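Dear colleague,

I am passing on the structure below, and I would be grateful if you could look it over alongside the notes that follow it.

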Amino acid sequence: MSERSGTAEELKTARLWLRRPVEADIDVILAVHSDPEACAHNPSDALTRPEEAEELFRRWDRQWEQHGYGYWVVRRQDSTERVGFCGVKPMELHGERVLNLFYRFAPAAWGQGFAGEAATAVTIWASRYVPELPLIARVRPENIASQRVAVRAGLHRARHLDTEGYDGFDWIYVARPERWAP
Ligand SMILES: CC(C)(COP(=O)(O)OP(=O)(O)OC[C@H]1O[C@@H](n2cnc3c(N)ncnc32)[C@H](O)[C@@H]1OP(=O)(O)O)[C@@H](O)C(=O)NCCC(=O)NCCS
């Protein structure tokens with residue numbers, strides 16, 4: 001992963017380029033979030049109309065303006081194909097301020113290690129540049145692929161933090177378990 005040179009807007013991994021979303025990415029935001037497979041475990045994230053994708057882009061962009069980081073668009077380095085999204089968002093978990101790790105990829109790009117590669121880069125970035133906020137991931141119990149990505153990124157299952165989420169019960173994974181002693 002490249003060093004952050006005064007901005008978080010671009011990260012590079014071995015095969016991927018992560019960059020801040022721009023308006024021209026609204027099409028891929030809609031494409032991924034309107035794919036039933038990509039939202040099967042999180043139906044509350046599903047979009048159907050272009051206006052909804054535009055609104056989601058604006059929300060992501062406001063977060064970038066407010067915090068200087070957010071969700072990145074993930075592009076392959078060997079083509080112009082945008083394969084998905086990965087990033088972090090501040091939120092509260094059990095009354096504590098945390099950074100939530102997010103990833104969603106286009107089904108056509110699944111199974112090539114892209115999500116694990118992007119989530120690892122984002123986790124390393126967050127530990128270096130936002131160390132004051134514990135990094136967590138909220139995963140639906142049936143979402144094995146997402147659980148594997150969290151583990152691949154270095155997170156650990158923290159059963160005592162499991163909680164209701166937007167789409168039902170969520171399993172919680174944390175980047176530094178020692179910060180969350182039961
Ligand atoms: C979860 C998701 C991002 C994984 O993307 P991906 O690019 O296929 O993941 P990777 O290829 O990096 O695989 C990472 C790990 O998950 C495993 N995995 C991937 N798909 C799997 C599946 N369907 N079942 C079981 N394991 C799976 C891989 O074998 C790999 O395991 P390893 O680290 O032990 O080698 C993708 O399935 C997705 O976008 N799902 C919909 C959105 C979503 O659920 N996001 C998470 C919300 S909490």
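Two residues are taken to be in contact if their C-beta atoms, placed from the backbone, lie within 7 Å. On that basis, and bearing in mind that this is a predicted model, residues 24 or more positions apart account for 56% of the contacts in the chain that have a separation of 6 or more.

As to the overall architecture, the chain holds 4 helices and 9 strands, which follow one another along the sequence in the pattern β-β-α-α-β-β-β-α-β-α-β-β-β. The radius of gyration is 15 Å, close to the 16 Å that the globule rule gives for 182 residues, so the chain is as compact as a globular protein of that length. The C-alpha trace spans about 45 × 35 × 30 Å along its principal axes, and buried residues make up 32% of the 182 residues.

Among the strands, β3 (residues 71-76) and β4 (residues 82-93) run antiparallel and are joined by 5 bridges; they form a hairpin with 5 residues between them, and Tyr-71 has Gly-87 in β4 as its bridge partner. Strand β4 is also joined to β5, again in antiparallel fashion, by 10 bridges, with Phe-85 standing opposite Arg-104 in β5. The hairpin formed by β4 and β5 has 2 residues between the strands, and His-94 in this turn has a positive phi of about 50 degrees.

Turning to the ligand, 21 residues surround it, of which Trp-110, Ala-115, Gly-116, Ala-145 and Arg-148 come nearest. By class, this shell comprises 10 nonpolar, 8 polar and 3 charged residues. At least two residues of the shell are supplied by each of β5 (96-105), α3 (114-129) and α4 (144-152), and it is α4 that gives the most, with 6 residues.

Helix α4 therefore deserves a separate paragraph, if only for this question: where on the helix do its buried residues fall? The residues concerned are Ser-146, Val-149 and Ala-150, and, seen down the axis of α4, the buried residues fall within an arc of 100 degrees, so they line one face of the helix. An α-helix has 3.6 residues a turn, so residues three or four places apart point the same way. What covers the buried residues of α4 includes β5, α3, β6 (135-139) and β9 (168-174). After the helix comes Gly-154, whose phi is positive, near 100 degrees.

With best regards

Methods
Residues numbered from 1 in each chain as written. Predicted model: local features only at pLDDT ≥ 70, side-chain atom pairs only at ≥ 80, totals over all residues. Near = placed C-beta within 6 Å. Nonpolar A, V, L, I, M, F, W, Y, C, P; charged D, E, K, R; others polar. Buried ≥ 20, exposed ≤ 12 C-beta atoms within 10 Å, placed from the backbone. Arc of directions from axis to C-beta. Rg over C-alpha atoms; globule rule 2.2 N^0.38 Å. Pairing = 2+ DSSP bridges.
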